[in-house]
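Visitor: I should like to learn how features of a structural model are read. May we take them one at a time?

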Amino acid sequence: MAEAHQASSLLCSLSSDGAEVELSSPVWQEIYLSGLRSWKRHLWRVWNDIFTGVAPASPLSWLFLFSAIQLAWFLQLDPSLGLMEKIKELLPAWAGQYHQLQELLAAALFASCLWGALIFTLHVALRLLLSHHGWLLEPHGTMSSPTKTWLALVRIFSGRNPRLFGFQRALPRQPVPTAQESVRKYLESVRPVLGDEAFDRAAALASDFLRLQAPRLQRYLHLKSWCASNYVSDWWEEFVYLRSRGSLMVNSTYYLMVRREAGQWVASVTHDDFLYVTPTPLQAARAGNAVHALLLYRHLLNQQEIPPTLLMGMRPLCSAQYERIFNTTRVPGVEKDYLRHLRDSRHVAVFHRGRFFSVGTHSSSGLLSPRALEQQFQEILDDPSPACPLEEHLAALTAAPRSMWAQVRESVKTHAAAALEAVEGAAFFVSLDSEPAGLTREDPATSLDAYAHALLAGRGHDRWFDKSFTLIAFSNGKLGLSVEHSWADCPVPGHMWEFTLATECFQLGYAADGHCKGTPDPTLPRPERLQWELPEQIHPSISLALRGAKTLSGNVDCHVFPFSHFGKSFIKRCHVSSDSFIQLVLQLAYFRDRGQFCLTYESAMTRLFLEGRTEAVRSCTTEACRFVRAMEDKEKTDQQCLALFRVAVDKHQALLKAAMSGQGIDRHLFALYVMSRFLHMQSPFLTQVQSQQWPLSTSQIPAQQTHLFDFHNYPDYVSSGGGFGPASDQGYGISYIFMGENMITFHISSKKSSIKTDSHRLGQHIENALLDIASLFQAGQHFKCQFRSLGETSGHRRGVLSNKTVDPKGPTTSTNL
């Protein structure tokens, strides 16, 4: 996602004098600090377990064990085999005066030691089990007997109803790949995009690196992996995000849209009379329900009542990123930012027509009801007072370069400390936009693009980009979410967002008049208007930041379009990975758009490991290029193209599984580069690797949580996903989501200043490529799925599908893809 842009700017973030001074600290000190941070988090989780339960056991299990020991002792049995008598001898002298108390203390100490030893043994056993990744390498849809046995053992050692953070101490650490293997995979990945001469130079640099620098760097990296929870994640957060000095807007933000009815997408394609569903057109009511649902999620999060995420229903993922969803702000610094997280916050910061408010979310009896929150937001909407001087465009500073904002922030903090603390200390930020947004029947394509642009960038001064996320409520009742990227990757806020929408729609609901359910509370205090007594000296900085934000916002071209001719159901029946299918579609579409291949960034998660974040899958492979060239060669038959397609899919799946199992290359090479900077080692090879650009940055938005949405009774409610900005000024940012079983939505972004890119043009190429690749599966004339005709065709294979139906199972002679 946006991480590809941040990764591309890594060299810039390390080239300033300040960064050089910071990296002059001893490498031993950096390794020590990494270990110290890890142990602090570990101790916090132990303390947290005392109150919320220890997985796979709980405090009640200790009480049961203690009671069993007492019962055995009462029956004159010694389950401790004499250890309790030894413990009695070690107790203080005063305990001997009270024989009964002495026995209770000895039993409690023995029960605690035994209980702790059992828990430790369970955690070690579970960690060993979770270190196994053989199941990931099995063909999709199959499960061998060893994997079934492994899964049964995982379930046994996981205990019953594990809590959100219950697996954290049992997750394995991310392994450090070998330098030889990472370099080999790197050279293999750049071969399709480099000429012979450039590739030979890269190979020579790689050879020198393996011989001269790699052994020493690997030793230090292994040492760091032993001390820290994750050998790369803390550096990834610091150097890729927090040290980046560019604007957060577009570069380090992504957006999430609301769910929408499937019928409205059909309307946008066929111009039928379907009207799309909005729960209520009342802006304050929609904001009230959404804020209440978000705070319900925070309560469940604090109580660890959210179940941990299980990959394929069997393998737990790391939950560390959930810790900083709420009450978190990215505070700017001259050289680097830092993330400030509060344990609790009982208000939200609200922006409307250039004014800032603080809205309390709790009363003496607990969380405010949705109707009470609606009442608060409506008072803000009805407030006629104008914005104060310098206040209206103040938030544009959060979209400015970080060093500039850090310097101005000190002046803001001096003159308006209370107002700044109210914003930065809020649970999250709420923007009540004065304009409508969302899909309109009159102009569906343009309205969707404008909706995406409003969520990604806004007007440059109506979002506080430093907050972990901003809830955006438009004047017509549409919602959206803008997320800052440094604290977490998309699946985590995506999980929260889907819970919010499901709770808002299916649990809270709305009254017949569109208001939140319940009655207003006349005793509620009015929202607090924040006062910014700012010096006139910062006016030039605000004006400069606003101009920069508007320029950056105006330069982003967003295009959102649904593909409704087929979806995940068809791809599954072709026995093809849906993600691999789309990645090959994107390769074909990009080649038709630009006439060449490029380095492609696909984000893959590494949350199989403790504190894992992401890894890059380099989807532009030699196998993919062969397939694309075959598709553009009219002399190649469909069967020949299909055979190359299968080979390319297998290659992509191998790369994806390697990345997820800790054997990717980009995070390893990144960590080696940072280590080389600490050791003051010059490595032309690592510098070349980190200077690469990603003209095509892609990401699949996570699938919907089926347990939150009642698809049986509400089959039309599906998520429309979200998007992000391009990683390169001459490239594209593409995200995609499978909406239900029969639709795919694409979010494409590019820069208007580039004469080489056009988001709408690429969208047309993607549409063509989807149909062209699907046509490969019509060999044998076994067709059952009817494709809608799109009229005139531009691809040389595309017209084949116009008047035919396609068998989702593909040719009867086809092998498993």
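Visitor: In this predicted model, is F570 buried or exposed, and what is its relative accessible area?

Guide: Burial is judged from relative accessible area, and buried means under 20%. F570 has a relative accessible area of 3%, so F570 is buried. F566, at 5%, is buried as well.

Visitor: How should one describe an aromatic pair?

Guide: A pair of aromatic rings is described by the distance of the centres and the angle of the planes. A search of the whole structure finds 32 aromatic pairs. One of them joins F566 and F570, with 4.7 Å from centre to centre and 55° between the planes, a tilted arrangement.

Visitor: Which pair is edge-to-face?

Guide: F351 and F356 form such a pair, with centres 5.0 Å apart and planes at 70°. Both F351 and F356 are buried.

Visitor: Which residues do ring pairs link into a cluster?

Guide: The cluster consists of F563, F566, F570, F581, F627, F645 and F777, linked by ring pairs.

Visitor: Which residues does V423 contact, beyond its neighbours within four places in sequence?

Guide: Contacts of this kind show which parts of the chain meet in space. V423 lies in helix 17, residues 417-424, and counts as buried because its relative accessibility is 0%. Setting aside the neighbours within four places, V423 touches A349, F356, F429, W464, K467, L530 and W532. F356 is also the partner of F351 in the edge-to-face pair. In addition, V423 and F357 are separated by 66 residues in sequence, while their C-alpha atoms are 8.6 Å apart.

Visitor: How is the length of a helix assessed, taking helix 19 as the case?

Guide: One compares its reach with the span expected at 1.5 Å a residue. Helix 19, residues 491-508, has 18 residues and reaches 24 Å from first C-alpha to last, close to the expected 26 Å. Of those 18 residues, 14 are buried, so helix 19 is largely enclosed by the rest of the structure. After helix 19 comes G509, with a positive phi near 70°.

Visitor: Which residues make a nonpolar surface patch, and what is its area?

Guide: Here the concern is nonpolar side chains that are not covered. L71, F74, L75 and L77 make a nonpolar surface patch of about 470 Å². L71 belongs to helix 5, residues 59-74. With a relative accessible area of 52%, L71 is exposed, because exposed means over 50%.

Definitions and conventions. Residues are numbered from 1 along each chain as its sequence is written. This is a predicted model: local features need pLDDT of at least 70, side-chain atom pairs count only at pLDDT 80 or more; totals for chains, interfaces and linings use all residues. Side-chain values use heavy atoms; hydrogens and water are left out. Patches are made of residues with over 30% relative accessible area and no salt bridge: like charges are joined within 9 Å, nonpolar side chains (Val, Leu, Ile, Met, Phe, Trp, Tyr) within 5 Å. Accessible areas come from the Shrake-Rupley method with a 1.4 Å probe; for residues, only the protein chains shown count as cover. A salt bridge is a side-chain nitrogen of Lys or Arg within 4 Å of a carboxyl oxygen of Asp or Glu. Helices (H or I, at least four residues) and strands (E, at least two) are DSSP runs, numbered from the N terminus. Buried means under 20% relative accessible area, exposed over 50%, partly exposed in between (1.4 Å probe, protein chains only). The expected span of a helix is 1.5 Å times one less than its number of residues. Contact means heavy atoms within 4.5 Å. Rings of Phe, Tyr and Trp (its six-membered ring) pair if their centres lie within 6.5 Å; planes under 30 degrees apart count as stacked, over 60 as edge-to-face and the rest as tilted.
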